[in-house]
Amino acid sequence: MKICISACGKDPDSEVDPQFGRCNYFLVIDPDAGSISSIKNPGSEASGGAGIKAAEAVVGAGADVLLTGSLGPNSFSVLSEAGIEIYSGVRGTVSSSLREYQSGKLSSLKSPNASSHSGMK
């Protein structure tokens, strides 16, 4: 199982970035294989369609689960159609949010929790 987390930096000590479509990186963690990789978010500097670009990157990384702060309707649609479980409202470091997910403390997201164009920089 691959768990993807929106992050401000490239390592597990980085803070979770609450803005999915505009986060700097995605950390993809495979607890079974013990692997961690970082992906530069193609939506972070996009002039438009950031959420869709970000969602496509997560799907392309083979993620089964996404941990993030907030998610707009376009991103939510792409990720849901790909069968990715989404958990939002995640805070703290990547490592701490992974532990919270693994201990069952997070609730899955059933609909978008941000409007379109939320968090544009």
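Biologist: What does Cys4 touch, leaving out residues up to four places away in sequence?
Modeller: In this predicted model, Cys4 touches Phe26, Leu27, Val28, Val58, Ala63, Val65, Leu66 and Leu67. Contact here requires heavy atoms within 4.5 Å. Cys4 itself sits in strand β1, residues 3-7.

Biologist: Why is Cys4 called buried?
Modeller: The relative accessible area of Cys4 is 1%. Buried means under 20%, so Cys4, at 1%, is called buried.

Biologist: How far apart are the C-alpha atoms of Cys4 and Val28?
Modeller: They are separated by 4.4 Å, although the two residues are 24 apart along the chain.

Biologist: Is Ile52 buried, exposed or partly exposed, and what makes it so?
Modeller: Ile52, in helix α1, has a relative accessibility of 32%. Buried needs under 20% and exposed needs over 50%. The value of 32% meets neither condition, so Ile52 counts as partly exposed. Apart from residues up to four places away in sequence, Ile52 touches Asn74 and Ser75.

Biologist: Which residues have the most contacts inside the largest nonpolar core?
Modeller: They are Phe20, Val58, Leu66, Leu71 and Leu79, in a core of 17 residues. β2 (25-30), α1 (50-60) and α2 (73-81) each supply at least two residues of this core. α1 gives the most, with 3 residues. In soluble globular proteins, nonpolar side chains tend to be buried together.

Biologist: What does Phe20 touch, again without residues up to four places away in sequence?
Modeller: Among the residues it touches are Phe26, Ala54, Ala55, Val58, Leu66, Leu71 and Leu79. Polar residues such as Asn41, Thr68, Ser70 and Ser75 are also on that list.

Biologist: What makes Asp30 a residue without a salt bridge?
Modeller: Asp30, in strand β2, is buried, and its nearest side chain of opposite charge, Lys2, is 5.8 Å away. A salt bridge needs a side-chain nitrogen of Lys or Arg within 4 Å of a carboxyl oxygen. A distance of 5.8 Å is not within 4 Å, so there is no salt bridge.

Biologist: Which backbone nitrogen does the side chain of Asp30 reach?
Modeller: The side chain of Asp30 reaches the backbone nitrogen of Asp32 at 3.1 Å. Outside its neighbours within four places in sequence, Asp30 is in contact with Met1, Lys2 and Ser35.

Biologist: How do you know that β2 and β3 count as paired strands?
Modeller: Pairing takes at least two bridges. There are 6 bridges between β2 and β3 (residues 35-40), so the two strands count as paired, and they run antiparallel. In β3, Ile36 is the bridge partner of Ile29. The hairpin has 4 residues between the strands, and Gly34 in it takes a positive phi near 75°.

Biologist: Why is Ser44 called buried?
Modeller: Ser44 lies in the loop between β3 and α1. Its relative accessible area is 10%. The cut-off for buried is under 20%, so Ser44, at 10%, is called buried.

Biologist: What polar atoms lie around the side chain of Ser44?
Modeller: It makes a polar contact with the side chain of Lys40 at 3.5 Å. The backbone oxygen of Asn41 lies 3.0 Å from a polar atom of the Ser44 side chain.

Biologist: Which residues of helix α3 are buried?
Modeller: In α3, residues 94-102, they are Val94, Ser96, Ser97, Leu98 and Tyr101. The buried residues of α3 pack against β1, β2, β4 (65-67) and β5 (85-87). Just after α3, Gly104 takes a positive phi of about 75°.

Definitions and conventions
Residues are numbered from 1 along each chain as its sequence is written. This is a predicted model: local features need pLDDT of at least 70, side-chain atom pairs count only at pLDDT 80 or more; totals for chains, interfaces and linings use all residues. Side-chain values use heavy atoms; hydrogens and water are left out. A nonpolar core is a set of buried Ala, Val, Leu, Ile, Met, Phe, Trp, Tyr and Cys residues joined through side-chain atoms within 4.5 Å. Buried means under 20% relative accessible area, exposed over 50%, partly exposed in between (1.4 Å probe, protein chains only). Lys and Arg count as positive and Asp and Glu as negative; His and the chain ends are not counted. A polar contact is a pair of N or O atoms within 3.5 Å; within protein, one must be able to donate a hydrogen and the other to accept it, and residues adjacent in sequence count only if both atoms are side-chain atoms.
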